[in-house]
Amino acid sequence: MAKAPNRAPDQDIDAAAEAAAADAAASGVFRRQIRFWLISAVILAIFLYVFSGILLPFVAGMVLAYFLDPVADRLQRLGLSRLMATIVILFAFIVVLVLAFVILIPVLASQMADFASKLPEYLTRLQTLITSFDPRWLEEKFGVDANGLREGLNSLLTSGFGLLTTVFTSIWSSGVALVSVVSLFVVTPVVAFYMLLDWDRMVAIVDSWVPRDYVQTVRAIANDINTATAGFVRGQGTLCLVLGAMYATGLTLTGLNFGILIGLFAGLISFIPYVGSLTGLVLAVGVAFVQFWPDWTMVAAVAGVFFVGQFIEGNILQPRLVGKSVGLHPVWLMFSLFAFGALFGFVGLLIAVPASAAVAVLVRFAISRYLDSPLYKGHNTEPVPPLPARRRGSGGPRS
């Protein structure tokens, strides 16, 4: 058998030069792509910051269209045209929204006004209940000063209820401001109608703008972003509405004052895990102590509403409505809400969830590309040994 001729050194040098040139070209393209997307992100941020005062009805219309797009697709599969499906959906949505405003808004306004007027009285009665308890056994057992404990509890209650008053006042002011903005109710349905009507066509047009060399990658990233966003906006949004209705109904059945207000508030902020239910539990139990004391049965019934709600949420609603497709860490979600709210106001709160989902997907994609790149793997072909396991209780690295 004849031996294969050995490659000349010049050929090896040329192959190495071609490989280096290809790597340099790929790196140049990658840098240009990064530069382009960073510049686009900066321009988008500047646009949102400059026009944040007028973007609310437009962003709300886009969110509404995105939320209702699957319903329109299902109606199309049933035989309706896109135009008729859009008209039916928006008409039904407007009817439900008007009925909700006619029925709920007067009740919530009345309960919020009563809560604000009775808050000092509730605070005083709750302080009286707590300070009437004689904690001398704590002083005897643990050396805790009774007077200091009373003063600390009073200070904590005063600060807590002061913060609560500020939050409710801010929410009420924002709600009044939103309701008074006629454009929100005039422009938003119009924007939602046209966005919902042309949604599929707009997606196809944006897809046609993507460079053909990267279209599959961009489609995969967009699909991941859509999965994360849809899982939260549609799934978690529906979950919050169901929880709010469930908490409000349960608290009202127990006879708790301001049950509808507390229940809906707890449900609507349940998109932050445990925050909504915990806040609602503290508010409801505090009001129940003042209203029902010394009837422990009714206080336990009020607390039981939230425990039952948490059980139903974790075992029935969460798996069915949201599932495991969201992929947003609660800390990252809270940070994005604070950051976008501080930068862009109420508009920032609307775009915080999809923006944080998009950033999370892009970061995961960038990390996966980095782990597959020569920058991470280098030229070392030998496997890197894992870190040595640390023994439990060891305070430093093992020698």
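How exposed is Tyr370, by relative accessible area? Tyr370 is partly exposed, at 39%. The views below come from a predicted model.

**View 1. The whole protein is built from helices, 14 of them, with 0 strands.** From the N terminus on, the elements run α-α-α-α-α-α-α-α-α-α-α-α-α-α. The protein has 399 residues, and buried residues make up 29% of them. Many contacts reach across the sequence. Among those between residues at least 6 apart, 69% join residues at least 24 apart.

**View 2. Tyr370 sits in helix α13.** This helix covers residues 346-371. Tyr370 touches Leu375 and Tyr376, leaving out residues up to four places away in sequence. The relative accessible area of Tyr370 is 39%, so it counts as partly exposed, between the limits of 20% and 50%.

**View 3. Helix α2 carries a kink at Leu68.** The helix spans residues 56-77, which is 22 residues. At 1.5 Å a residue it should span 32 Å. Its end C-alpha atoms are 32 Å apart, which agrees. The kink at Leu68 is about 45° and lies shortly before the proline Pro70. After α2 comes Gly79, with a positive phi near 120°.

**View 4. Helices α2 and α8 cross at an angle of about 90°.** Their axes are 11 Å apart. An angle from 65 to 115 degrees counts as roughly perpendicular, so α2 is roughly perpendicular to α8. On the α2 side, the contact is made by Tyr66, Phe67, Asp69 and Pro70. On the α8 side, it is made by Asn226, Thr229, Ala230, Val233, Arg234 and Thr238.

**View 5. Val187 of helix α6 contacts Pro57 and Phe58.** Helix α6 covers residues 182-197. The two contacts leave aside neighbours of Val187 within four places in sequence. Val187 and Ala60 are 127 residues apart in sequence. In space, their C-alpha atoms are 9.4 Å apart. Is Val187 buried or partly exposed? Val187 is partly exposed, with a relative accessible area of 25%.

**View 6. The largest nonpolar core has 33 residues.** Leu251, Leu256 and Ile262 have the most contacts inside this core. Five helices each supply at least two of its residues: α3 (82-131), α8 (215-253), α9 (259-268), α10 (275-292) and α11. Which of them gives the largest share? Helix α10 does, with 8 residues. Beyond its neighbours within four places in sequence, Leu251 is in contact with Leu256, Gly259, Ile262, Gly263, Ala284, Val302, Val305 and Phe306. A second, separate core has 21 residues, including Leu68, Ala72, Trp199 and Phe232. Leu68 is also the site of the kink in α2.

**View 7. Helix α9 is mostly covered.** Of its 10 residues, 8 are buried. They are Gly259, Leu261, Ile262, Gly263, Leu264, Phe265, Ala266 and Gly267. Among these, Gly259, Ile262 and Gly263 are in contact with Leu251.

**View 8. Phe258 lies in the loop between α8 and α9.** What is the sign of phi at Phe258? It is positive, about 60°, although Phe258 is not a glycine. The relative accessibility of Phe258 is 6%, so this residue counts as buried, the limit being under 20%.

**View 9. Val299 is a buried residue of helix α11.** The helix covers residues 296-322. Val299 has 6% relative accessibility. Not counting residues up to four places away in sequence, Val299 touches Val285, Ala288, Phe289 and Phe292. Val299 and Leu256 are 43 residues apart in sequence. From C-alpha to C-alpha, the two are 9.4 Å apart in space. Leu256 is one of the residues with the most contacts inside the largest nonpolar core.

**View 10. Ser336 is a buried residue of helix α12.** This helix covers residues 330-344. Ser336 has 2% relative accessibility, so it counts as buried. Leaving aside neighbours within four places in sequence, Ser336 is in contact with Gly341, Ala352 and Ser356.

How values were computed: Residues numbered from 1 in each chain as written. Predicted model: local features only at pLDDT ≥ 70, side-chain atom pairs only at ≥ 80, totals over all residues. Heavy atoms only, no water. Helix = DSSP H or I, 4+ residues; strand = E, 2+ residues; numbered from the N terminus. Buried < 20%, exposed > 50% of the residue type's maximum accessible area, 1.4 Å probe, protein only. Contact = heavy atoms within 4.5 Å. Expected span 1.5 Å × (residues − 1). Bend = angle between axes of the 7 residues up to and from the residue. Core = buried A, V, L, I, M, F, W, Y, C linked by side-chain atoms within 4.5 Å. Axes fitted to C-alpha atoms, helices over the stretch in contact; angles between N-to-C directions. Parallel < 35°, antiparallel > 145°, perpendicular 65-115°, else oblique.
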